[in-house]
Amino acid sequence: MSKVYFIKNTGSDYDKLGKDALELLKKIVSETDHSFEKEVPIKVHFGEKGNKTFIPPKCYEATINYLKEQGVSPSYIETNVLYRGSRTTTELHLETAKSHGFTQIPIIIADGDIGTEYNEIEINKEYLKTCKIGKEYGKYNQFIVMSHFKGHVAAGFGGSIKQLAMGFASRAGKLEQHSGISPVVDDKKLCGMRYLYEKMQLRRYPGFRLCSYRCE
């Protein structure tokens, strides 16, 4: 099992967060005798337009400067999202990234202008036989993944593993990963529908019906 390195930081000093991240990276490099290749992208989440819960660009600066000192050419790398928003196409994605301050290094959107450029990798696992990975990822052997920690309705928590699984996938790959999840309605347990009717004031839509209020 791989080692996990941890620094407790409960503050919002972005300079300190960035330095802590670099300290962890240096620790891993030292203990594993790691050697960087000449180009190493940083897997990042640029945040949706109007969103503030992404890691701010200031947190990446210490790592970016460290890589450059090691003779490494860093870049940001990401894929387009599945849903409609400010990161659906490369053009919109780049605009959003730059508006959020991600201007220190070049940006690579790995799955092309509309998320259709990918390599299909055979994995033969239980839920997926292949993975659709953004094409540009195939050009690199090393990545640094920096992630914000979040709750996730299905997985419990999302972090660097989600950055690798969902974040490396093209739009088609993201669709495949989500397509195995669908709601199941038990028509014997619909008591909550009456409450929804009242709260949503569905009397404004007299022709609209959701169920027969069957309850037990």
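# Asking why: helices, strands and two threonines

Me: In this predicted model, helix 1 (residues 14-32) and helix 2 (residues 61-69) pack with their axes 7 Å apart, at an angle of about 40°. What makes helix 1 oblique to helix 2?

Reply: Set the angle of about 40° against the cut-offs: roughly parallel needs under 35 degrees, and roughly perpendicular covers 65 to 115. The angle fits neither class, so helix 1 counts as oblique to helix 2.

Me: Which residues meet where helix 1 packs on helix 2?

Reply: From helix 1 come Gly18, Lys19, Leu22, Leu25, Lys26 and Val29, and they meet Ala62, Thr63 and Tyr66 of helix 2.

Me: Why are helix 4 and helix 5 called roughly perpendicular?

Reply: Helix 4 (residues 160-168) and helix 5 (residues 171-178) pack at about 115°, and their axes are 7 Å apart. Roughly perpendicular runs from 65 to 115 degrees, and therefore this pair gets that label. At the meeting place, Ala165, Met166 and Gly167 of helix 4 touch Lys174, Gln177 and His178 of helix 5.

Me: Which residues of helix 4 are buried, and what do they pack against?

Reply: Gln163, Met166, Gly167 and Phe168 are the buried ones in helix 4. The buried residues of helix 4 pack against strand 1 (39-43), strand 2, strand 5 (130-134), strand 6 and helix 5.

Me: Let's go to the sheet. What makes strand 3 and strand 6 edge strands?

Reply: Four strands form an open sheet, ordered 3-2-1-6, with parallel pairing. Strand 3 (107-109) and strand 6 (144-145) each pair on one side only, and that makes them the edges. Helix 3 packs on this sheet, touching strand 2 and strand 3, and its direction makes about 150° with that of strand 3.

Me: How do you know that strand 1 and strand 2 pair?

Reply: Count the bridges: a pair of strands needs at least two. Strand 1 and strand 2 have five, in the parallel sense. As an example, valine 40 has proline 74 in strand 2 as its bridge partner.

Me: And how do you know that strand 2 pairs with strand 3?

Reply: Same kind of check: the requirement is at least two bridges, and three join strand 2 to strand 3, which run parallel. Glutamate 78 has isoleucine 109 of strand 3 as its bridge partner.

Me: Why is strand 1 described as largely enclosed?

Reply: Because four of its five residues are buried, strand 1 is largely enclosed by the rest of the structure.

Me: Why does threonine 79 count as buried?

Reply: Threonine 79 sits in the loop between strand 2 (73-78) and helix 3 (90-99). Buried means under 20% relative accessible area, and threonine 79 has 1%, so the label fits.

Me: What makes the link between threonine 79 and lysine 174 a polar contact?

Reply: The distance cut-off for a suitable N or O pair is within 3.5 Å, and the side chains of threonine 79 and lysine 174 are joined at 2.6 Å. The side chain of threonine 79 also reaches the backbone oxygen of alanine 169, at 3.2 Å. Leaving out residues up to four places away in sequence, the residues threonine 79 touches include His93, Ile109, Tyr137 and Phe168.

Me: Threonine 96 lies in helix 3. How do you know that threonine 96 is buried or exposed?

Reply: Its relative accessible area is 5%. Under 20% is buried and over 50% is exposed, so threonine 96 is buried.

Me: What does threonine 96 touch?

Reply: Not counting residues up to four places away in sequence, threonine 96 touches Gly47, Glu48, Lys49, Ser86 and Arg87. The backbone oxygen of serine 86 is 2.9 Å from a polar atom of the threonine 96 side chain. As for glutamate 48, it is 48 residues from threonine 96 in sequence, and the two are 7.2 Å apart in space, C-alpha to C-alpha.

Me: Zooming out, how many helices and strands does the protein have, and what share of its residues count as buried?

Reply: The protein has six helices and eight strands, and 35% of its 216 residues count as buried. Among contacts with a separation of 6 or more, 65% come from residues 24 or more positions apart. The protein exposes about 14500 Å², with 54% of that supplied by carbon and sulfur atoms.

Notes: Residues numbered from 1 in each chain as written. Predicted model: local features only at pLDDT ≥ 70, side-chain atom pairs only at ≥ 80, totals over all residues. Heavy atoms only, no water. Buried < 20%, exposed > 50% of the residue type's maximum accessible area, 1.4 Å probe, protein only. Polar contact = N/O pair within 3.5 Å; in protein donor to acceptor, adjacent residues only side chain to side chain. Contact = heavy atoms within 4.5 Å. Areas by Shrake-Rupley, 256 points an atom, 1.4 Å probe, with all protein chains shown as cover. Axes fitted to C-alpha atoms, helices over the stretch in contact; angles between N-to-C directions. Parallel < 35°, antiparallel > 145°, perpendicular 65-115°, else oblique.
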